[in-house]
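Trainee: Could we walk through this model together? I'd like to go from the helices to the sheet and end at the ligand.

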Amino acid sequence: MKPFILNRNLAQLALLQRIELADLKLKKIRKLFGRYLFSKIFSKYLVNVKQLSENYTNIMNDEFKTIQNFIKDKKNFLSIGAGIGGLELLILKSLNDANISFIEKNYISNKIRYGWDNLNKEGYNDLNQLDQFLQINEISKKRYQIFDFDEQKFPICDFDVLISIYSLDYHYSFDIYSTYLKKVMRNNSLLIFDTIRPEYFKRIFKGVEIIKEDTRTVHKSKRIVCKNFL
Ligand SMILES: C[S@@+](CC[C@H](N)C(=O)[O-])C[C@H]1O[C@@H](n2cnc3c(N)ncnc32)[C@H](O)[C@@H]1O
């Protein structure tokens, strides 16, 4: 498969959103100079854009395989915390009739911390860059809309599939979105996200299925597909 087109700004963002893309040299630099200089400078100027683009494309392809069976013939998608949107690009390329609404932060923390953030203060995205990524990879503007989380004006629609990869209930609590999700999920809408507490969601949804287990990451999360709020 052809790698995604990324420029240096997009490669930097992908690296901040997917720190597993850092090679040994970048990891050492982050340790030596700290998170601030890494986030602001080194992540941009020391990254090999071509290599990163290939690696990011491969990771997104693997992510796509985990959700592929759940998106067949689906049309209206919501993505919460898409990052630059590699997975979403693959969805739009594979389903000609699909459209995606994105909710993301338009903010990059000075020193990104990757743990659980109760106040949901951390952000590592730039909405113009997300827009640019989709444009330079040939997605028509008619097929997506981007919403800034901090403006709190979210799209109201019956979504078929709602996706949040390593964002909702991975870095911040599900509660932040639960009232909204109740409004935009109808019977049999699918909500796919990564969490460390899949059991908790069995009390909230009628159907909960584990589709991926990550034992190597710090969080040891599980990817679940939920349907029908109880
Ligand atoms: C670890 S990155 C994952 C990005 C992408 N889903 C991926 O798999 O590469 C987490 C993303 O969640 C976003 N984020 C943080 N808080 C958010 C919120 N309340 N709503 C939407 N996105 C949020 C961050 O800006 C960041 O892009």
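**Helices, sheet and ligand**

Mentor: Sure, and keep in mind that this is a predicted model. Let's begin with a handedness: the crossing of H1 and H2 is right-handed.

Trainee: How are H1 and H2 oriented to each other?

Mentor: Helix H1 covers residues 8-17 and helix H2 covers residues 24-45, and their axes are 9 Å apart. The angle between them is about 120 degrees. Angles of 65 to 115 degrees count as roughly perpendicular and those over 145 as roughly antiparallel, with the rest in between called oblique. So H1 and H2 are oblique to each other.

Trainee: Which residues in H2 does H1 meet?

Mentor: On the H1 side we have Arg8, Gln12, Leu15 and Leu16. By class, the contact of H1 with H2 has two nonpolar, three polar and two charged residues. The H2 residues that H1 meets are Ser39, Ser43 and Lys44.

Trainee: And H1 with H3: is that crossing left-handed or right-handed?

Mentor: Helix H3 takes in residues 49-71, and H1 packs on it at about 50 degrees with the axes 10 Å apart. That angle makes H1 oblique to H3. The crossing of H1 and H3 is left-handed.

Trainee: How many nonpolar residues are in the contact of H1 with H3?

Mentor: Arg8, Ala11, Ala14 and Leu15 come from H1, and they meet Val49, Leu52, Ser53 and Tyr56 in H3. By class there is one polar residue and one charged residue, and the nonpolar count is six.

Trainee: On to the sheet. Which strands stand at the edges?

Mentor: It's an open sheet of seven strands with mixed pairing, in the order E5-E2-E1-E6-E7-E9-E8. An edge strand here has a single partner, so one side of it is left without a neighbour in the sheet. The two edge strands are E5 (144-148) and E8 (205-213).

Trainee: Which residue stands opposite Leu191?

Mentor: Strand E7 spans residues 185-195 and strand E9 spans residues 222-229. They run antiparallel and five bridges join them. Opposite Leu191, in E9, stands Cys226.

Trainee: At what angle does H6 run to E7?

Mentor: Helix H6 is residues 175-184. This helix lies across E1, E6, E7 and E9. To E7, H6 runs at about 145 degrees.

Trainee: Last one: which residues come nearest to the ligand?

Mentor: There are 20 residues around the ligand, divided into nine nonpolar, eight polar and three charged. The nearest are Gly81, Gly83, Asn125, Ile165 and Ser167.

Conventions. Residues numbered from 1 in each chain as written. Predicted model: local features only at pLDDT ≥ 70, side-chain atom pairs only at ≥ 80, totals over all residues. Near = placed C-beta within 6 Å. Nonpolar A, V, L, I, M, F, W, Y, C, P; charged D, E, K, R; others polar. Axes fitted to C-alpha atoms, helices over the stretch in contact; angles between N-to-C directions. Helix = DSSP H or I, 4+ residues; strand = E, 2+ residues; numbered from the N terminus. Parallel < 35°, antiparallel > 145°, perpendicular 65-115°, else oblique. Left-handed = near helix turned anticlockwise from the far one by under 90°. Contact = placed C-beta atoms within 7 Å. Pairing = 2+ DSSP bridges.
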